[in-house]
Amino acid sequence: MNDTADILDLKMKALYQSMGISEKVCDFALDVERSLKDRFAGFDRIAEYNQMKVLRAMQKYRVSEECFNTTTGYGYNDHGREVLEQVYADVFHTEAALVRPLIACGTHALSIALAGNLLPGDELLCPAGKPYDTLEEVIGIRDSRGSLKEYGVTYRQVELLSDGSFDYEAIRKAIGPKTKLAEIQRSKGYQTRPSFSVKQIGELIRFLKEQKPDIICMVDNCYGEFVDIIEPGDVGADLVVGSLIKNPGGGLAPIGGYIAGTKECVDRAAFRMTCPGLGSEVGATLGVNRSFFQGLFLAPMVVKGAVKGALFASEVFARLGFGVVPESKEERNDIIQAVSFEDPKKLISFCKGIQAAAPVDSYVDPEPWDMPGYDSQVIMAAGAFISGASIELSADGPMKPPYAAYFQGGLTYEHARFGIMKALQIMLDAHQIEL
Ligand SMILES: *Cc1c(COP(=O)(O)O)cnc(C)c1O
């Protein structure tokens with residue numbers, strides 16, 4: 001037994017060496033990994049729970065071969081689409097769901113859900129700080145054609161307290177007769193606040209409904225799906241929205257978004273997605289149903305790998321003295337790991353490592369560039385099977401202090417781990433770190 005393990009160890013090191021990883025980095029990675037054993041076991045249990053939750057829903061709604069058939073044109077009576085939406089509603093514990101390739105991305109899903117449920121004269125409230133960057137133009141925080149603001153929907157925002165908690169007093173004051181919908185973002189995205197747990201979101205929803213029972217509570221669930229055993233639908237959210245090229249697509253969905261929630265809220269979103277009257281009745285699926293089902297089936301395991309990779313990165317860089325959010329002892333509420341490098345050269349090395357580890361475009365060298373909509377240059381690393389899919393191993397960092405990299409994804413833990421090892425090797429060779 002020991003002999004076999006020793007032989008595997010030797011072969012592993014030789015293989016890693018042939019991929020440019022020194023023994024020093026291998027040993028360091030192994031040491032870090034061993035220290036995370038108990039946390040990893042916890043993630044395994046969460047994934048087991050979520051795997052069974054998804055499987056039970058697929059069995060309950062009788063997913064069959066027929067569900068993988070394709071539709072074209074209007075897409076009336078798309079059986080697979082209808083079953084998939086029932087499965088999503090079951091998994092997210094909501095009355096209904098819209099899961100469509102017609103939804104181009106997460107921002108589009110959020111935009112449809114907002115525009116479908118807000119009318120002229122209504123007010124949108126963000127009770128937990130600023131929403132995701134791309135929603136600024138949707139809402140009209142930054143002026144844009146077709147924004148909610150142009151349609152006469154007003155906007156109000158309540159900042160978090162300095163310790164990252166909800167400012168209940170200010171929220172109470174911000175709720176008025178016009179307040180129709182509250183939007184809460186689960187993941188920190190590219191901010192420095194901590195991500196919210198589903199339980200915390202539940203407390204906020206309870207408070208909002210106490211102030212105003214008919215307020216619609218919508219959660220931007222991007223990057224949060226399957227990290228916990230409960231989802232926002234379990235704690236009273238009326239709308240739960242996300243992207244299929246992140247967690248719930250399991251790396252297989254080639255496009256799409258979902259909107260789960262009450263029947264009324266989802267129907268209204270559907271009337272905005274297509275048009276009034278047609279709603280969810282139309283929308284051919286063009287053959288993507290199989291990858292939506294299969295991706296959802298794999299998603300709990302894929303998310304587990306990504307969460308393990310994020311924790312591994314957190315512990316690696318904390319040991320080397322860098323600032324990490326979240327820290328390795330903290331609870332995880334999404335798949336994102338931030339590392340502050342405090343040095344542009346180190347940030348670039350890190351991204352080069354992630355890119356060099358990719359299964360696709362590994363030979364490409366990422367460079368900082370002037371990305372539209374950002375006030376500094378940005379460096380990105382991604383070598384994905386699905387373009388832009390951030391459930392796949394990826395990293396990006398704005399080229400300004402604190403020179404932080406936001407690292408996420410990895411379809412397998414082993415791959416995420418290798419990405420970090422590659423980054424370590426490049427940094428070590430450039431004398432930017434010491435092991
Ligand atoms: C990614 C993301 C979005 C937007 O999704 P896109 O698919 O990039 O449009 C919105 N909110 C959060 C928190 C996200 O992480």
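This is a short tour of the ligand site, the pocket around it and a separate cavity.

The model is predicted, so local features need pLDDT of at least 70 and side-chain atom pairs count only at pLDDT 80 or more, while totals for chains, interfaces and linings use all residues. Residues are numbered from 1 along each chain as its sequence is written, and side-chain values use heavy atoms, leaving out hydrogens and water.

**Stop 1: the ligand**

Select the ligand and show its neighbours, meaning residues with a heavy atom within 4 Å of it. You should see Cys105, Gly106, Thr107, Leu110, Tyr132, Gln185, Asp220, Cys222, Tyr223, Ser243 and Lys246. Five of this shell are nonpolar, four polar and two charged; here Ala, Val, Leu, Ile, Met, Phe, Trp, Tyr, Cys and Pro count as nonpolar, Asp, Glu, Lys and Arg as charged, and the others, Gly among them, as polar. Now colour helix H5, residues 106-117, which gives the most to the shell, with three residues. Helices (H or I, at least four residues) and strands (E, at least two) are DSSP runs, numbered from the N terminus.

**Stop 2: contacts to ligand oxygen**

Start with Thr107, where a polar side-chain atom lies 2.5 Å from an oxygen atom of the ligand. At Gly106 it is a backbone N or O atom that lies 2.8 Å from a ligand oxygen. Then select Lys246: a polar side-chain atom there is 2.9 Å from an oxygen atom of the ligand. The protein buries 89% of the 380 Å² that the ligand exposes when taken alone (Shrake-Rupley method, 1.4 Å probe).

**Stop 3: the largest pocket**

Zoom out a little: the ligand sits in the largest pocket, in that more than half of its atoms lie within 2 Å of the pocket's grid points. On a 1 Å grid over the protein atoms alone, a pocket is an open set with protein on both sides within 12 Å along at least five of seven lines, a cavity is a set of points where a 1.4 Å probe fits but cannot get out, and lining residues have an atom within 4 Å of a point. The pocket has a volume of about 1300 Å³. Of its 50 lining residues, Tyr132, Tyr190, Tyr374, Met380 and Asp396 lie nearest the centre. Highlight strand S11 (394-398), which supplies the largest share of the lining, five residues.

**Stop 4: the cavity**

Finally, select Ala128, Gly129, Lys130, Pro131, Glu183, Ile184, Gln185, Arg193 and Phe196, which line the largest cavity. About 30 Å³ of space lies inside that cavity. Its lining has four nonpolar, two polar and three charged residues.

Notes
Polar contact = N/O pair within 3.5 Å; in protein donor to acceptor, adjacent residues only side chain to side chain. Points joined across faces, edges and corners; volume = space filled by probe spheres on them.
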